[in-house]
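Open the model in your viewer and keep the selection box handy. We'll go stop by stop.

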Amino acid sequence: MSATPDATRKQTYETGKLAKRLRRQVGQAIADYGMIEDGDKVMVCLSGGKDSYTLLDMLLSLQAKAPVRFELIAVNLDQKQPDFPEHVLPDYLTARGVPFHVIEQDTYSVVTRVIPQGKTMCSLCSRMRRGALYQWAADNGVTRIALGHHRDDILGTFFLNMFYQGSLKAMPPKLLSDDGRHVVIRPLAYCREDDIAAYAEARRFPIIPCNLCGSQENMQRKVVKRMLADWEKTHPGRSETIFRAMGNIAPSQLTDRQLFDFASLGAREGVPRADARAWLAGGDAIDDND
């Protein structure tokens, strides 16, 4: 049974509202973090998932009326996974008139050979994928590398690092690669995953599922994702509050001595300090300058 005209109009209206919200959030993130400058060549890493399709769609929409001129090129890494539909992305991008390039590199065989059965493949897979994309960017004059991570990815990474690495860090909306050669941006940083999923469904993007790591149900990231979803059900708005907290940090209220000089706080001039060895041994105070 086909939808009634009223239902179709309502759906169109709701999709329009959603698109407007996502565009506003992406534009705000770009402005807040200075993600794109005049003359940039932005490489959109397109995996075939809902996030990267939405990222490309938003950037194309903003490009038409942006206050600066920037170039977009979609790049996909064909990792040679079994049954990967090679035609889907080229057909889609050609139909939309988007410049694109497909990198062919058999990372799948390497990952499945090196990682034991049942172990998480994401770490090695992501390192190899990142290396291939970074190299292509360097060889082709790319000035910005755009990834499709959203707000919930950032929150999940924050808790993964807290629970399993003992550190307070996440995915920054903008970063400089370790070698200093690439600026990586995440324009979807303010966007919720459920909004992206609804938008992708409404736009009927030709989604390509990941059958490498996507099938690993016991990954720590999925455990954290379920935790956040449960929190959101029982305490609506909690995820948004936590995300805001990540941008509202008071170093003096934490315990990182690299971010705040606690030792000098309230210290009297000329009074020698004792180090930890002296305190533990009950010895005399040791001047830092000795």
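Start by selecting helix α6 together with α2 (50-63), α7 (193-203), α8 (220-234) and α9: the buried residues of α6 pack against those four helices. Here, buried means under 20% relative accessible area, exposed means over 50%, and partly exposed is in between (1.4 Å probe, protein chains only). Helices (H or I, at least four residues) and strands (E, at least two) are DSSP runs, numbered from the N terminus.

Before going on, a note on what you're looking at: this is a predicted model, where local features need pLDDT of at least 70 and side-chain atom pairs count only at pLDDT 80 or more, while totals for chains, interfaces and linings use all residues. Residues are numbered from 1 along each chain as its sequence is written, and side-chain values use heavy atoms, with hydrogens and water left out.

Now show α6 alone. How many of its 15 residues are buried? The count is 11, so the helix is mostly covered. Among them are R151, D152, D153, F158 and F159. Try a distance between the end C-alpha atoms: they are 20 Å apart, which agrees with the 21 Å that 15 residues should span at 1.5 Å a residue. (That expected span is 1.5 Å times one less than the number of residues.)

Next, click N161 in α6 (residues 151-165). N161 is buried, with a relative accessible area of 12%. Leaving aside neighbours within four places in sequence, N161 is in contact (heavy atoms within 4.5 Å) with G166, S167, K169 and A170. While you're there, look at G166, which follows α6 and has a positive phi, near 65°.

Then turn on the second largest pocket, with about 690 Å³ of space. Of its 24 lining residues, the closest to the centre are F158, A245, M246, G247 and I249. A pocket is an open set of points on a 1 Å grid over the protein atoms alone, where a 1.4 Å probe fits, with protein on both sides within 12 Å along at least five of seven lines; lining residues have an atom within 4 Å of a point. The volume is the space filled by probe spheres set on the points. Which helix gives the most to the lining? That's α9, with 6 residues.

Last stop: R204, in the loop between α7 and α8. R204 has a positive phi of about 55° although it is not a glycine, and R204 is exposed, with a relative accessible area of 74%.
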